[in-house]
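Trainee: Hi! Could you walk me through this structure?
Mentor: Happy to, let's bring it up.

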Amino acid sequence: MGTHPPRLTGTGRAQTRQLSRGTDGGVIRRTVLPGGLRVVTESMPGVHSATFGVWVGVGSRDETPQLAGASHFLEHLLFKGTKRRSALEIAAVMDAVGGEMNAFTAKESTCFYAHVIDSDLPLAVDVVCDVVTNAVITSPDVESERGVILEEIAMRDDDPSDAVHDLFGETLYGSHPLGRPVIGSVATIESLQRSQIAGYYRRRYLPESMVVAAAGNVDHTTVVRLVRAAFGSVLRQGETPVPPRTGSPRRPARPANAVGVIDRGTEQAHVTLGGFGLDRCDERRYALGVLNNALGGGMSSRLFQEVRERRGLAYSVYSYAAQYAGAGTFGVYAGCQPGRVPEVLAIVRDELGKVAEHGLTDEEVARGKGQFRGGLVLGLEDTGSRMSRIGKSELTYGDHITVTELLGRIDAVTPEQIRELAGELLDQPMCLAVVGPFQDADFEGVL
């Protein structure tokens, strides 16, 4: 894609801008409707499908301790019925055209989407917008879905490789909202009342806090018209888009070598070691992406080669990074036999220390860049990925960076930048989360 000067057009009070035009003929456009609702589309010539999504700027980070899990609970409930359709009708109307409809909740956002052939886009817009704006949230549905979510929590607890990441978040962030699992806890899910969830819905699901995104064989003007009709009177006059989320004034303090342990009689121990990373607006996030790939992002990475290939101590070992508004996380995960945990942790810490002191080799930097570039481009081959990119970018940044610009920023990363960043992130106090047949005392003094 190349960058072109934005062009502004308008119908009524709606304002439309062309954000970019790609070499393949695809165009990204953005319209702000009178109620503050943003509509972004990306045309993809040559495809015969479309993905339509509604992004809501609310997630588990926005919950009070008493409402922990409410965002995810609400995501479930919106599919239980609207003023126009029952739960069965919502499912049946999409199945009848071979479409896929789903949703997910994250720390800072919730997304509802549908993937259909292009001729069924009007149906997708109508159904998804109906679910998001017209949910009824009845008491029987709350009780029914409460049981479903408790089963989901039980399923998470039965998967130690999943549970260890929630434990790591709690250990790293403590009482900060980012430390709570998106799914909530058994205690909070059992105590949430219909009035609390419905109130959360009314307060949070507002057009000015939403972004509508569509990608594929779509026409921007048509999408805007369909969305305007689907939202109807919900688009109140005088509202403007909510600006991107900024860092919380209750940002967590640095971890003090905290350790979290869940004693489980598992055949394999699951460990996550890490600390704070970069927030999502930090320009060094491109260097972090290269660093993460070279350190633990693939089969040629240092951690994979040292822990698995050379020593055969673990089947799965990788590093990862997550960015939020005003905060971030960097961690290393490994699954191994319980008796090998001390050796695995020692090797991981040794490798982190080497990179913190010396950085990466030129070959590792080049390989990390290539993996970053390839993953980015190959991940944008389908309409769902394109919809997610433009929707999340609008919601979290209020801006759009072209793929060409992104690739340029990756290419501009230098070994010196990575060495400086590694020295900051990998030499900080860290936290450890462990799920396996252990007690807290087993890890005293480990960090």
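Mentor: We'll talk about salt bridges, then a helix, then a few single residues and surface patches.

Trainee: What kind of model is this, and how are residues numbered?
Mentor: This is a predicted model, where local features need pLDDT of at least 70 and side-chain atom pairs count only at pLDDT 80 or more, while totals for chains, interfaces and linings use all residues. Residues are numbered from 1 along each chain as its sequence is written, and side-chain values use heavy atoms, with hydrogens and water left out.

Trainee: Cool. How many salt bridges are there?
Mentor: The count comes to 25. A salt bridge here is a side-chain nitrogen of Lys or Arg within 4 Å of a carboxyl oxygen of Asp or Glu. Side chains of opposite charge can pair when their charged atoms come close.

Trainee: Which residue does Asp126 pair with?
Mentor: Its partner is Arg85, and the closest N and O atoms are 2.6 Å apart. Asp126 lies in helix α3 and Arg85 in the loop between α1 and α2, so the pair ties together parts that are 41 residues apart in sequence. Helices are DSSP runs of H or I with at least four residues, strands are runs of E with at least two, and both are numbered from the N terminus.

Trainee: Is Arg85 buried or exposed?
Mentor: Arg85 is buried, because its relative accessibility is 13%. Buried means under 20% relative accessible area, exposed means over 50%, and partly exposed is in between, using a 1.4 Å probe and protein chains only. Asp126, at 22%, counts as partly exposed.

Trainee: Which residues are in a network with those two?
Mentor: Arg84, Arg85, Asp126 and Asp130 are linked in a network of salt bridges. Arg84 also sits in the loop between α1 and α2, and it is partly exposed at 47%. Not counting residues up to four places away in sequence, Arg84 touches Glu89, Asp126 and Asp130, where contact means heavy atoms within 4.5 Å.

Trainee: Okay, new topic. What's buried in helix α7?
Mentor: In α7, residues 194-204, the buried ones are Ile197, Ala198, Gly199, Tyr200 and Tyr201. They pack against α1 (70-77), α3 (121-133) and α4 (139-157).

Trainee: And where is Arg202?
Mentor: Arg202 is in helix α7 too, but it counts as exposed, with 58% relative accessibility. It belongs to a positive surface patch with Arg194, Arg203 and Arg204.

Trainee: What makes a patch?
Mentor: Its residues have over 30% relative accessible area and no salt bridge; like charges are joined within 9 Å, and nonpolar side chains (Val, Leu, Ile, Met, Phe, Trp, Tyr) within 5 Å. Lys and Arg count as positive and Asp and Glu as negative, with His and the chain ends not counted.

Trainee: Which residues form the negative one?
Mentor: Asp263, Asp440, Asp442 and Glu444 form it. Asp442 is in the segment after β13 (431-436), and it is partly exposed at 44%.

Trainee: Last one: what about Ile137?
Mentor: Ile137 has a positive phi of about 50° although it is not a glycine. Ile137 is in the loop between α3 and α4, and it is buried, at 3% relative accessibility.

Trainee: And where is Arg386?
Mentor: Arg386 is in helix α13, residues 383-397. Arg386 is buried at 15%, and leaving aside neighbours within four places in sequence, it is in contact with Glu42, Met44, Ala215 and Leu380.

Key: Areas by Shrake-Rupley, 256 points an atom, 1.4 Å probe, with all protein chains shown as cover. Charge placed at Lys NZ, Arg CZ, Asp CG, Glu CD.
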